[in-house]
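Here's a set of exercises to work through with the model open in your viewer. Try each task before you read its solution.

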Amino acid sequence: MPAYIHHIVTQVPQHASAQTEVRDRMKEWAPETKTRRLIQTLYNRSGIETRHSVCPDFTAGSEPLLYFTDEQGLLVSPSTGQRNRVYARAARSLASETGRRLMEKATGFAPADITHIVFASCTGFSNPGPDYHLIRDLGLSQSVERYTLGFMGCYAAFPALRMAAQFCEARPQAVVLVMCLELCTLHLQMTDQPDDILAHSLFADGAAAAIVSARPPTGPAWRMDSFESALLPMGESDMAWDIGDQGFNIVLSSYVPDVIGTNIHGLLAGVLGRQEKIQTDVQNWAVHPGGRSILDKVSQSLALPEDALQTSRSILKDYGNMSSATILFVLARMLQQPVQGTTCALAFGPGLTVETALLEPV
């Protein structure tokens, strides 16, 4: 029995900053002229116009919540504990707001119908966490089964959706609330390393949630046909994520787009072949916009039409990279327009891990 993504809602925090504002604030905090010049260059090339944050700190003249400066105007890096305390408060609020919007939109589904929650996040930890609070804040049954996928990174939406589909296949009456929520801006750090500056030029905050069930859809939906996972071990050291004393440390090498671009064609041919398809059977592409260079390399390697990744580029421009939530933003926007034919969805994360899904519009 197939499983469907019936509804997707997206939500961002209230504090929106133009990328130029974030750039200028980072330059104010940078101690060296060379670093300020690098910030200017990388932020201008990002393909991002707006990012959202649970912190107002990135807009000039705002009262800081987390990022304070010393007498010289240089950033005093918050501790991991300070950052995580903001996560615990803000994640509950954003998760509940996103969940309420989902249930308002989810025609034919009531809070009492939810049987499972799959919650994915890699930017903070608390227990009881947002998955627990969703039950209380949305009025769900206390018997709802909860699963948290932590610290997976940008590809986590795919394991979350795959888990939800498996629940529905095993128990056709299951109704799964899937949520990806990331507060990436809580882990900004000021360094003079180009790869660090590159990473912090991309990431933003956001949440997205979906209803997954085996019920026949009554409106626009995605049927989930297959999922596959793959590794590109040659890029293992180029994308990584660990916990430091002053926040989570992300490694995002400038070589990542090249690794993906070199390998994605062969990898995707194998994925499609196992489903008895070839690339020309794919009419639509939903690619995680990890950065402008990644989208460029995927497009070049697969020889895609110029507008094939238009939705991914538009999400990057409007919101930046919100880690695991971002691909759901792409899929939600695609469903706003009539979609025909097979959609191939792709996301990349630490490892380098590549997750793929084949989706059919309903």
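**Helix α4 and its cover**

The buried residues of α4 are P130, D131, H133, L134, I135 and L138; buried means under 20% relative accessible area, exposed over 50% and partly exposed in between, with a 1.4 Å probe and protein chains only. Mind that this is a predicted model: local features need pLDDT of at least 70 and side-chain atom pairs count only at pLDDT 80 or more, while totals for chains, interfaces and linings use all residues. Residues are numbered from 1 along each chain as its sequence is written, and side-chain values use heavy atoms, with hydrogens and water left out.

**Exercise 1.** Find what covers the buried residues of α4, then work out how α3 crosses α4.

*Step 1.* The cover includes α3, β6 (116-121), β7 and β8 (175-183). Helices (H or I, at least four residues) and strands (E, at least two) are DSSP runs, numbered from the N terminus.

*Step 2.* Take the axes of α3 (residues 80-105) and α4 (residues 130-138): they come within 9 Å and cross at roughly 50°. Axes here are lines fitted to C-alpha atoms, for helices over the stretch in contact, and angles run from 0 to 180 degrees between N-to-C directions.

*Step 3.* That angle makes α3 oblique to α4: under 35 degrees counts as roughly parallel, over 145 as roughly antiparallel, 65 to 115 as roughly perpendicular and the rest as oblique. The crossing is right-handed, meaning the near helix is turned clockwise from the far one by less than a right angle.

*Step 4.* Now the contacts (heavy atoms within 4.5 Å): A91, R92, A95, S96, G99 and R100 of α3 meet P130, H133, L134, D137 and L138 of α4.

*Step 5.* Right after α4, G139 has a positive phi of about 70°.

**Exercise 2.** Describe the surroundings of R146.

*Step 1.* R146 sits in strand β7 and is partly exposed, at 36% relative accessibility.

*Step 2.* Skip residues up to four places away in sequence, and R146 touches I117, D131, Y132 and I135. Two of these, D131 and I135, are among the buried residues of α4.

*Step 3.* I117 is 29 residues from R146 in sequence, yet their C-alpha atoms are 4.8 Å apart.

**Exercise 3.** Which residues form one aromatic cluster with F248?

*Step 1.* Start from the whole structure, where a search finds ten aromatic pairs. Rings of Phe, Tyr and Trp (its six-membered ring) pair if their centres lie within 6.5 Å; planes under 30 degrees apart count as stacked, over 60 as edge-to-face and the rest as tilted.

*Step 2.* F151 and F248 pair edge-to-face, with 5.4 Å centre to centre and 80° between the planes. F151 is in the loop between β7 (145-150) and α5 (157-170) and F248 in strand β12 (residues 247-252), so the pair ties together parts 97 residues apart in sequence.

*Step 3.* Check exposure: F151 is partly exposed at 26%, whereas F248 is buried at 3%.

*Step 4.* W241 also pairs edge-to-face with F248, at 6.0 Å centre to centre and 85° between the planes. W241 is buried, with 18% relative accessibility.

*Step 5.* Putting the cluster together, F248 is joined by F125, F151 and W241.
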